[in-house]
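Open the structure in your viewer and keep the selection panel handy. We will go from stop to stop, choosing what to select and then looking at what is there.

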Amino acid sequence: MASQNLRTPGPTPLPPAVREALARDMVNHRGPEFAAVLNDCVEGLKWAYQVSEHDMVILTASGTGGLESLVANTLSPGDKLLVASIGNFGERMGQIARTFEVDVTQLDFQPGNPVDPQRLEDALREDPDIGTVFITHNETSTGVLNPLRDLAAAVRATRPEALLLVDGISSVSSVEIRPEDWDLDVVVAGSQKGWMVPPGLAFVSISPRAWERQSQAKLPRFYFDWRAAQKSAQNGETPWTPAVSLFYALQVGLQLMREEGLQQIFARHQRLAKFTREGLSELDLRLLADPRFASPTVTTAYLPDGISGKGLLRTLDERYGVVLAGGQGNLSGKIFRIGHMGWVTEDDLSAVLSALKLELNSVRATATAGR
Ligand SMILES: *Cc1c(COP(=O)(O)O)cnc(C)c1O
């Protein structure tokens, strides 16, 4: 049993079989053993992404490296990119693109809300030169799941040939997403979120339209060049030395996912998210996310008046071994976040809610006594 109840929205806990895989000895990363592992991982990822035509590239990098690869492989200096941002991670994508001298138009939405498809369409109509759109599927800083299917349809209705880039880092593996059926050109995921794998690998699904765009894109790229990754993959290799141990872990994590079944995994995340929201509401905590778009993988709530987020999180950790996350950016000190993605059960979340209840009761009792 784990000593901590790690409920941050990444990194997430590792099942014993994954931890055993991480202890395995090295192999030659240019030999047949690694080729078999890599091929198995690519196949498993395609299963989890539910793609058959789109290609899959695995990068040794955290999720942000995957996001940088989107920019570097699909855009040219001065290209216009529409970033629909509903929180910190949408903001980060805008920063990456501006760093690469892409011309970014950023749409911002109130924390807790999803992207409004009408505003997306209006922004595209206003500027006919925007050829690329970026959307975060699940915004981990606010706990909101964008209605991605509808948003993708809105983009296609207005600009059919646009390239649609998606940050699926905290959704793919845990939440339904269909890159081919929904016409999403590139979808990035990260190993430390729902995959039951440590941080350090980024996954990228790539459509034929994205490959075509890539062949004209002029931004500089080396380590994250998709062409190099795709070429090496044909020989069961990666262009640079991969994080071999993480590939072992991924292979086992994917095997565990197959045993549970994709639809079962999605249903479990929906159920546990609902359980968490209901539990927090019973503790009189106000939820941040619009309930119609509440995330299946991370739940966010406002801190009660007069309670310090840092103090609460520290006490939960020290007294109960429950590790939660605070707010990011403007929400720092205002909210806390509970991750429930990957290897997580109702018991884990019951323990979180019990600890919160005890701690809030004690803080509230102290406050009342002091009056
Ligand atoms: C975690 C996360 C990232 C950042 O990934 P790193 O692995 O920390 O680089 C980006 N976007 C979303 C939605 C995330 O949840």
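The tour starts with the domains and the ligand, then turns to some single residues.

**Stop 1: the two domains**

Before selecting anything, keep in mind that this is a predicted model. Colour residues 5-12 together with 261-369 as domain 1, and residues 16-258 as domain 2, following the domain assignment of the chain. Taken over C-alpha atoms, the centres of the two domains are 27 Å apart.

**Stop 2: where the domains meet**

Now show the residues of each domain that touch the other. You should find 28 residues of domain 1 in contact with 31 residues of domain 2. The size of an interface is often given as the accessible area lost when the parts come together. For domain 1 and domain 2, about 2300 Å² is buried between them, and carbon and sulfur atoms account for 62% of it. Select Leu262, Phe266 and Phe293 next: in domain 1, these residues lose the most area to domain 2, together making up 24% of what that side buries.

How many salt bridges link domain 1 and domain 2? The count is zero. Polar contacts do occur, with twelve residue pairs between the two domains.

To see which elements build the domain 1 side, highlight α10 (262-282), β11 (298-302) and β14 (335-339), which each give two or more residues to it. Of the elements there, α10 gives the most, with five residues. Colouring by class, you will see 15 nonpolar, eleven polar and two charged residues on the side of domain 1 that touches domain 2.

**Stop 3: the ligand**

Centre the view on the ligand and show the side chains around it. The surrounding residues include Ser62, Gly63, Thr64, Phe89, Arg92 and Asn138. Asp167, Ile169 and Ser170 are also among the residues that surround the ligand.

Three more of its surrounding residues deserve a distance label. Thr140 has a polar side-chain atom 2.4 Å from an oxygen atom of the ligand. For Gln192, the distance from a polar side-chain atom to a ligand oxygen is 2.7 Å. In Lys193, an N or O atom of the side chain lies 2.6 Å from an oxygen atom of the ligand.

**Stop 4: a salt bridge in a helix**

The structure holds 17 salt bridges. For one of them, select Glu121 and Arg125, whose side chains meet at 3.2 Å, N to O. Both sit in helix α5 (residues 117-126), and because they are four residues apart, about one helical turn separates them.

**Stop 5: Gln251 and its partners**

Move to helix α9 (residues 244-260) and pick out Gln251. Which residues does Gln251 contact, leaving aside its neighbours within four places in sequence? They are Arg24, Val37, Asp40 and Cys41. With Asp40, the side chain of Gln251 makes a polar contact of 2.9 Å. Add Gly44 to the view as well: its C-alpha atom is 7.7 Å from that of Gln251, although the two residues are 207 apart along the chain.

**Stop 6: two backbone details**

Most residues other than glycine have a negative phi, and most peptide bonds are trans. Go to the loop between β1 (5-6) and α1 (16-22) to find Pro11. The peptide bond from Gly10 to Pro11 is cis, with omega near -5°.

Finish in the loop between α4 (88-99) and β4 (103-108), where Glu101 is found. Glu101 is not a glycine, yet its phi is positive, at about 60°.

How values were computed: Residues are numbered from 1 along each chain as its sequence is written. This is a predicted model: local features need pLDDT of at least 70, side-chain atom pairs count only at pLDDT 80 or more; totals for chains, interfaces and linings use all residues. Side-chain values use heavy atoms; hydrogens and water are left out. Domain bounds come from an automatic or database domain assignment. Contact means heavy atoms within 4.5 Å. Buried area is the accessible area (1.4 Å probe) that two parts lose on being put together, summed over both. A salt bridge is a side-chain nitrogen of Lys or Arg within 4 Å of a carboxyl oxygen of Asp or Glu. A polar contact is a pair of N or O atoms within 3.5 Å; within protein, one must be able to donate a hydrogen and the other to accept it, and residues adjacent in sequence count only if both atoms are side-chain atoms. Ala, Val, Leu, Ile, Met, Phe, Trp, Tyr, Cys and Pro count as nonpolar, Asp, Glu, Lys and Arg as charged, and the others, Gly among them, as polar. A residue is near a molecule or strand if one of its heavy atoms lies within 4 Å of it.
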